[in-house]
Amino acid sequence: MRLLQPHYDALRDQPDAAAVVLELARALSSARMRLHLDFGEVAECGARIAELLGDAEAIADSYTGLALHYLQIGVHGPSRILLEAAAALARESHQPLNLARALVNLNAGWNQDDVARAVRFGREAVDVARRTGYRIWVTYATCNLLIAQWVSGEWDDALALSEAEDVDPAGASMVASIRALVLGARGAAPEPARPLLPASDDVLVLAWNACLRAVSASRAGDAEAALAAAWEAADRCYTTVALGDDFPVIWPAAVDVAFAHDDLALVRRLLTLVTDHVETRPGCGLRGQLARFRALLAVRSGDADVDVEAELRTAIDELERWHARPALALARRDLGRWLRGQGRAEEAAELLAEADAALRALGARGWLSDASAEEPTGPSTLNV
């Protein structure tokens, strides 16, 4: 950035330097995005010049750049419109790399609010990325699709995809984390540790490393290691991407570890990452999980000031909108158990039957083994 910025500033208003400025804008946008700095002005300049030059490839690329700027600042509607425009243009002009980039980000963007739609974009993204031959784009596509498949309950497909051999080492911890979460939900034995990228300048890689350590240590009964890694994972992820990108999976995994080891102080600390965030509105997935965790915390701590029923019904509504079958089943089970504990057995029975059927369909034997609990104090959304 120090190298390029002076040249960009000197040339950006010179029409005869448009092609050079376009390349400078691309490089600066990428650098600022990777550092999670604002890059809106540079992205707009790149889009303006791409249109000026009439370069279809540059236009598609610039639409995606603008979309990522909007995603970064929490304006999701225009972002999705721009990404779909970029994908359409890339298809029309046979640009597989730009198409893969647009589809990968459509998958990532919809992971916040509608994982059923995210899966559709993600499947195409993996297919297109593999045709480009770029391993890093195969990795991005695979990781984003795995998140959508985990959240939506397409676990057989997630396990199959996690076996892919064309993923870059930078994605290994994320792939291994999703695989561990699915196997844990299904009550399968933990697998031997896979080789991971031990050090990286990518904070999200470090967050996923910590997430995997938290899940693995929790299942092994090492509470101290699990709790420390859980906070590290959530904190690193929040510091890097706030409530976006991978946060709606890493954060609840961390909260779940805290609940599993009855560290309610850590639960509260983790919840404040979301409740204290005011810059952008959480997606419906996070809103649903937050409501459920509030209810679980109130039951565990005996907090009479929290309306447990209202929180759980909010959770059900939001998680249903998210199309998150596993989390939705657990929220229904939590509400059923709570209602049963309040002497409302008839209302509880329907919810518990729905939840049980959904968990059986998922093969969630690890979660079904907790069926004897009388109150919603058992496994939370990710249940490690």
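## Close-ups of a predicted model

**View 1. D113 in its loop, in a predicted model.** D113 turns up in the loop that runs between α6 (96-110) and α7 (115-132). With a relative accessible area of 16%, D113 falls under the 20% cut-off, so it counts as buried. Its side chain makes a polar contact of 2.8 Å with the side chain of R80. A polar atom of the D113 side chain also sits 2.9 Å from the backbone nitrogen of C284. Leaving out residues up to four places away in sequence, D113 touches H76, R80, G283, C284, R321 and W322.

**View 2. Helix α11 from cap to exit.** At the N-terminal end, D202 does the capping: one of its side-chain oxygens is 2.9 Å from the backbone nitrogen of L204. The helix itself covers residues 203-220, and its 18 residues should span 26 Å at 1.5 Å a residue. The end C-alpha atoms are indeed 26 Å apart, so expectation and model agree. Most of α11 is covered, with 13 of its 18 residues buried. Just after the helix comes G221, with a positive phi of about 85°.

**View 3. Two loop residues with positive phi.** A242 has a phi near 55°, which is positive even though the residue is not a glycine. Look for A242 in the loop between α12 (223-241) and α13 (247-260). H323 does something similar, with phi near 60°, again positive in a residue other than glycine. This histidine lies in the loop between α16 (308-322) and α17 (325-341). H323 has 38% relative accessibility, so it counts as partly exposed.

**View 4. The nonpolar cores.** The largest nonpolar core takes in 119 residues, and W150, I178, W251 and L270 have the most contacts inside it. Zooming in on L270, and setting aside neighbours within four places in sequence, its contacts are W231, A234, W251, A254, V255 and A258. Apart from this core lies another, of 16 residues, including L24, L28, A58 and I59.

**View 5. The D61–R101 salt bridge and its network.** Side chains of opposite charge can pair when their charged atoms come close. Here D61 and R101 form a salt bridge, and their closest N and O atoms are 2.7 Å apart. The two partners come from distant parts of the chain, 40 residues apart: D61 from helix α4 (residues 56-72) and R101 from helix α6. Both D61 and R101 are buried. They also belong to a network of salt bridges that links E23, R26, D61 and R101.

**View 6. Two further salt bridges, D166–R130 and E311–R294.** The count for the model comes to 26 salt bridges. In D166–R130, the closest N and O atoms are 2.9 Å apart. This pair also links distant parts of the chain, since D166 is in the loop between α9 (155-161) and α10 (172-185) while R130 is in helix α7, 36 residues apart. D166 counts as partly exposed at 25% relative accessibility, and R130 is partly exposed too, with a relative accessible area of 40%. In E311–R294, the closest N and O atoms are 3.9 Å apart. E311 is in helix α16 and R294 is in helix α15 (residues 284-301), so the bridge ties together parts 17 residues apart in sequence. E311 is buried, with a relative accessible area of 17%, whereas R294, at 34% relative accessibility, counts as partly exposed.

Terms used. Residues are numbered from 1 along each chain as its sequence is written. This is a predicted model: local features need pLDDT of at least 70, side-chain atom pairs count only at pLDDT 80 or more; totals for chains, interfaces and linings use all residues. Side-chain values use heavy atoms; hydrogens and water are left out. Helices (H or I, at least four residues) and strands (E, at least two) are DSSP runs, numbered from the N terminus. Buried means under 20% relative accessible area, exposed over 50%, partly exposed in between (1.4 Å probe, protein chains only). A polar contact is a pair of N or O atoms within 3.5 Å; within protein, one must be able to donate a hydrogen and the other to accept it, and residues adjacent in sequence count only if both atoms are side-chain atoms. Contact means heavy atoms within 4.5 Å. The expected span of a helix is 1.5 Å times one less than its number of residues. A nonpolar core is a set of buried Ala, Val, Leu, Ile, Met, Phe, Trp, Tyr and Cys residues joined through side-chain atoms within 4.5 Å. A salt bridge is a side-chain nitrogen of Lys or Arg within 4 Å of a carboxyl oxygen of Asp or Glu.
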